[in-house]
Amino acid sequence: MEGEILQSVVSVFSVLNLVAIFVGVAFGIFMGAIPGLTGTMGIALIIPLTYGFSPLTAFCVLLGAYKGCLFGGSIPAILLNTPGSPAAAATVLDGYPLAQKGRGSEAMGMALWASVIADVIATAILVLGAVSLAKLATNFGPPEFATLVLFALLVVAGVSGNSLSKGLIAASLGFLFGTVGLDPMVATPRFTFDNVNLMNGISLMAMLIGLFAVSELLIQAENLVEKRTAKQATDNANSSISWFQIRGSLKTICRGSFIGVVLGAIPGLGATPAAFLSYSEAKRKSASPEKFGQGELEGVAAAESANNATCGGALIPLLALGVPGDVTTAVLMGAFLIHGLAPGPALFSEDISLIYSLFVVLFIASLFLPLVGKVAIKMFFQITRIPQSVLLPIIAVFCLIGVYGFNNSTVDLWMMLGFGLLGYVMRKLDFPLAPMMIGFVLEPVGEQAVRQALTLSDGNWLVFVSTPLSVLFLVLSIISAVVIFRRNTNKNGV
């Protein structure tokens with residue numbers, strides 16, 4: 001065993017493999033930082049370029065890109081209020097307010113180091129417990145998914161701003177938009193209004209860019225007209241995050257890492273719910289929750305640690321069971337098959353040295369991330385020096401290209417504009433945008449789980465308390481509901 005591990009380490013430390021990891025991380029950060037150009041798209045683009053490489057060198061590039069893209073989405077989220085990926089939507093909540101206060105560099109530093117620490121923790125958990133955690137993930141059936149979604153929906157209360165009722169209304173809107181398209185059980189159209197373009201539902205990217213980016217463009221354009229521009233992140237561009245600030249958020253980063261690994265290991269959930277759940281837990285346990293949403297470094301740490309830790313979590317079912325944990329690992333599974341490898345239990349017995357090599361690659365990619373990330377932060381900070389009258393049209397063009405390129409659909413452009421107007425109105429009326437995203441992301445998972453559970457039990461609702469995991473999530477939901485109700489009652493002085 002020790003000889004296989006040593007051989008794996010030595011095989012990774014070649015010049016070609018180290019360069020491949022470095023290039024992969026840099027490419028992933030670039031793809032993640034451009035709204036609409038997701039990490040999944042980037043990995044899919046570079047797979048054909050790896051055909052001539054050995055499997056190990058190919059996965060040096062691919063896993064490096066996977067690591068880089070998860071962090072890259074935070075860059076435009078903090079600097080421009082435009083998430084580079086859906087998972088970075090939670091980073092917007094405190095990252096952009098920090099940038100407006102002239103603390104954009106601190107926010108970027110916290111995002112970078114939270115990502116690095118979470119990457120290392122998640123990779124360590126992957127190495128030590130891939131098989132056992134994968135077996136735990138297989139215990140999630142419809143009842144467990146349904147109660148988990150119920151618990152996650154209570155995250156809404158943690159990101160609802162000052163009004164619980166407005167947060168619930170926004171989440172309900174997200175749930176309603178999530179029902180558009182084909183019924184997940186019987187494939188009948190719902191809320192499509194006989195429009196074939198709505199058969200596949202509403203594009204997540206169109207909603208994401210519309211709600212956050214287009215609404216921000218409209219608000220900033222309004223500020224330009226009124227001659228009152230927002231404070232730029234460059235006010236304090238030379239500042240950096242201190243070890244004292246990182247240490248103050250270390251508990252939050254560790255908690256977010258655990259949440260990211262667990263939710264990442266459950267096929268179908270992914271980084272977006274993990275980031276929002278981690279953010280909510282950080283706010284719930286904070287001594288000053290009222291600061292969240294106003295520019296709190298701990299909020300950035302919570303979101304970024306969770307969404308980056310899902311990388312290690314999503315690789316657990318892929319490597320141990322041959323089941324992709326999310327869309328990106330589904331693309332990686334295709335890369336395994338292209339290179340003649342079948343991920344799953346057989347890979348552990350037939351080519352264990354490659355598995356150890358991949359673990360080493362993940363650790364090296366985590367070490368390269370701060371080196372490349374610091375350079376990327378300095379480069380992207382130059383964007384904020386561009387006058388807003390020039391910058392806003394450039395961002396608008398990127399939004400159009402990103403949304404159109406995601407599905408090659410002009411309908412998505414109209415959806416983006418519609419959600420941009422909706423987001424603008426909601427922000428003017430002080431409705432939070434995050435609960436709407438949560439509701440939209442979780443609706444398909446929750447609805448299908450509930451209906452499958454009731455179908456399997458012939459309509460018996462006791463199915464949701466039939467397993468230890470489902471009971472655990474129900475108990476957590478009840479506890480969260482009580483805490484939320486008491487906090488809301490105290491806030492209103494009742």
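**Close-up views of a predicted model**

**Figure 1. Salt bridges across the chain.** The count of salt bridges comes to six. Keep in mind as you go through these views that the model is predicted. The protein chain holding these pairs has 22 helices and two strands. Three of the pairs get their own close-ups below.

**Figure 2. Asp119 and Lys67, a salt bridge with both partners buried.** Asp119 pairs up with Lys67, and their closest N and O atoms sit 3.5 Å apart. This pair links distant parts of the chain: Asp119 belongs to helix H7 (residues 104-138) and Lys67 to helix H4 (residues 55-72), with their positions 52 residues apart in sequence. How buried is Asp119? Its relative accessible area is 0%. Lys67 comes out at 1%, so Lys67 counts as buried too.

**Figure 3. Asp183 and Arg451, a bridge between far-off stretches of sequence.** Here the closest N and O atoms of Asp183 and Arg451 are 2.8 Å apart. Asp183 lies in the loop between strand S1 (181-182) and strand S2 (189-190), while Arg451 is in helix H21 (residues 434-456), so the salt bridge ties together parts 268 residues apart in sequence. Asp183 is buried at 8% relative accessibility, whereas Arg451 is partly exposed at 26%. Which residues share a salt-bridge network with this pair? Arg190 and Glu447 do, making a linked set with Asp183 and Arg451.

**Figure 4. Arg103 and Glu106, a salt bridge with a partly exposed arginine.** The closest N and O atoms of this pair are 3.0 Å apart. Arg103 has 27% relative accessibility, so Arg103 counts as partly exposed. Glu106, on the other hand, is buried, with a relative accessible area of 10%.

**Figure 5. The largest nonpolar core and the surroundings of Ile21.** This core takes in 137 residues, and the ones touching the most other members are Ile21, Tyr66, Phe71, Ile75 and Leu315. Which helix gives the core its largest share? Helix H18 (residues 352-381) does, with 18 residues. Zoom in on Ile21 and, once residues up to four places away in sequence are set aside, you'll find it touching Val12, Cys60, Gly64, Val361, Ile364, Ala365 and Phe368. As a bit of background, nonpolar side chains tend to be buried together in soluble globular proteins. Looking at the whole protein chain, 57% of its 494 residues count as buried. Contacts reach across the sequence as well: among those between residues at least 6 apart, 79% join residues at least 24 apart.

**Figure 6. Cys69 and Cys311, two cysteines without a disulfide.** A search of the whole structure turns up zero disulfides. Why no bond for Cys69? Its closest cysteine sulfur, in Cys311, is 7.9 Å away, which is too far for a bond. The view from the other partner fits: Cys311 is in no disulfide, and the sulfur of Cys69 is its nearest cysteine sulfur. Cys69 is buried at 6% relative accessible area, and Cys311 is buried at 0%.

**Figure 7. Thr252 and its contacts.** Thr252 sits in helix H13 (residues 250-265). With a relative accessible area of 2%, this threonine is buried. What does Thr252 contact, leaving aside its neighbours within four places in sequence? The list is Ala282, Glu298, Ala301, Ala302 and Ser305.

**Figure 8. Glu296, a buried loop residue.** You'll find Glu296 in the loop between helix H14 (271-285) and helix H15 (297-321). Buried or exposed? Glu296 is buried, at 18% relative accessible area; the cut-off for buried is under 20%. Beyond its neighbours within four places in sequence, Glu296 is in contact with Asp94, Leu98 and Lys291. Lys283 is 13 residues from Glu296 in sequence, and their C-alpha atoms are 9.9 Å apart.

**Figure 9. A nonpolar patch on the surface.** Leu462, Val465, Val471, Leu472, Val475, Leu476, Ile479 and Val483 make up this patch of about 620 Å². One of its members, Leu476, belongs to helix H22 (residues 468-491). Leu476 is partly exposed, at 31% relative accessibility. For the protein chain as a whole, the accessible surface is about 20,300 Å², and 68% of that belongs to carbon and sulfur atoms.

Note on methods
Residues are numbered from 1 along each chain as its sequence is written. This is a predicted model: local features need pLDDT of at least 70, side-chain atom pairs count only at pLDDT 80 or more; totals for chains, interfaces and linings use all residues. Side-chain values use heavy atoms; hydrogens and water are left out. A nonpolar core is a set of buried Ala, Val, Leu, Ile, Met, Phe, Trp, Tyr and Cys residues joined through side-chain atoms within 4.5 Å. Buried means under 20% relative accessible area, exposed over 50%, partly exposed in between (1.4 Å probe, protein chains only). Helices (H or I, at least four residues) and strands (E, at least two) are DSSP runs, numbered from the N terminus. Contact means heavy atoms within 4.5 Å. Patches are made of residues with over 30% relative accessible area and no salt bridge: like charges are joined within 9 Å, nonpolar side chains (Val, Leu, Ile, Met, Phe, Trp, Tyr) within 5 Å. Accessible areas come from the Shrake-Rupley method with a 1.4 Å probe; for residues, only the protein chains shown count as cover. A salt bridge is a side-chain nitrogen of Lys or Arg within 4 Å of a carboxyl oxygen of Asp or Glu. A disulfide is a pair of cysteine sulfur atoms within 2.5 Å.
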